[in-house]
Amino acid sequence: MSAPTMAERKACWAARDEFWRCLDTHTEDAPRCEKLRRSFESLCPQQWVKYFDKRRDFLKYKEKLESEGFHPAETAGKS
């Protein structure tokens, strides 16, 4: 795989940003963003799509931790 050109990178990032905006807007109705997801996947290398998916999950988790704080899970077998 050759490295994407600057124009290809910009197109990939724009598709990613548009898809993420849709997900943020339609949190309860993610299937509405399926067309944008396909565009994102077609414009970005597969490795990038996997990375961006993990990155989004991490950023959402981090945002939740910062807003709600850390609450350790209750353990069933307390000593």
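These are my notebook entries on the salt bridges and on helix α1 of a predicted model.

**Entry 1, salt bridges.** I looked up the salt bridges and found that the structure holds six of them. I followed up some of these pairs one by one, noting for each how far its partners are exposed.

**Entry 2, Lys60 and Asp24.** I found the side chains of Lys60 and Asp24 joined in a salt bridge, with N to O at 3.0 Å. This pair links distant parts of the chain, since Lys60 sits in helix α3 (residues 46-68) and Asp24 in helix α1 (residues 6-25), 36 residues apart. I then checked accessibility, and Lys60 is partly exposed at a relative accessible area of 34%, while Asp24 also counts as partly exposed, at 39%.

**Entry 3, Arg37 and Asp53.** I looked next at Arg37, which forms a salt bridge with Asp53, the closest N and O atoms being 2.8 Å apart. Arg37 lies in helix α2 (residues 34-43) and Asp53 in helix α3, so the pair ties together parts that are 16 residues apart in sequence. Arg37 has a relative accessible area of 17%, and because the cut-off for buried is under 20%, I list Arg37 as buried. Its partner Asp53, at 23%, is partly exposed. I also noted here that salt bridges with shared partners join Asp24, Arg56 and Lys60 into one network.

**Entry 4, Arg32 and Asp29.** For Arg32 I found a salt bridge with Asp29, in which the closest N and O atoms are 3.8 Å apart. Arg32 is exposed, with a relative accessible area of 55%, whereas Asp29 is partly exposed at 34%.

**Entry 5, the length of α1.** I asked myself what span the 20 residues of α1 should have at 1.5 Å a residue. The expected value is 28 Å, and the end C-alpha atoms of α1 are 28 Å apart, which agrees.

**Entry 6, the two faces of α1.** Which residues of α1 are buried? I listed Cys12, Ala15, Arg16, Phe19, Trp20, Cys22 and Leu23. These residues cover an arc of only 155° around the axis, and therefore lie on the same side of α1. When I looked up what the buried residues of α1 pack against, I found α2 and α3. On the face turned away from the buried side, I recorded the exposed residues Met6, Ala7, Lys10, Arg21 and Thr25.

Note on methods:
Residues are numbered from 1 along each chain as its sequence is written. This is a predicted model: local features need pLDDT of at least 70, side-chain atom pairs count only at pLDDT 80 or more; totals for chains, interfaces and linings use all residues. Side-chain values use heavy atoms; hydrogens and water are left out. Helices (H or I, at least four residues) and strands (E, at least two) are DSSP runs, numbered from the N terminus. Buried means under 20% relative accessible area, exposed over 50%, partly exposed in between (1.4 Å probe, protein chains only). The expected span of a helix is 1.5 Å times one less than its number of residues. The arc is that of the directions from the helix axis to the C-beta atoms. Contact means heavy atoms within 4.5 Å.
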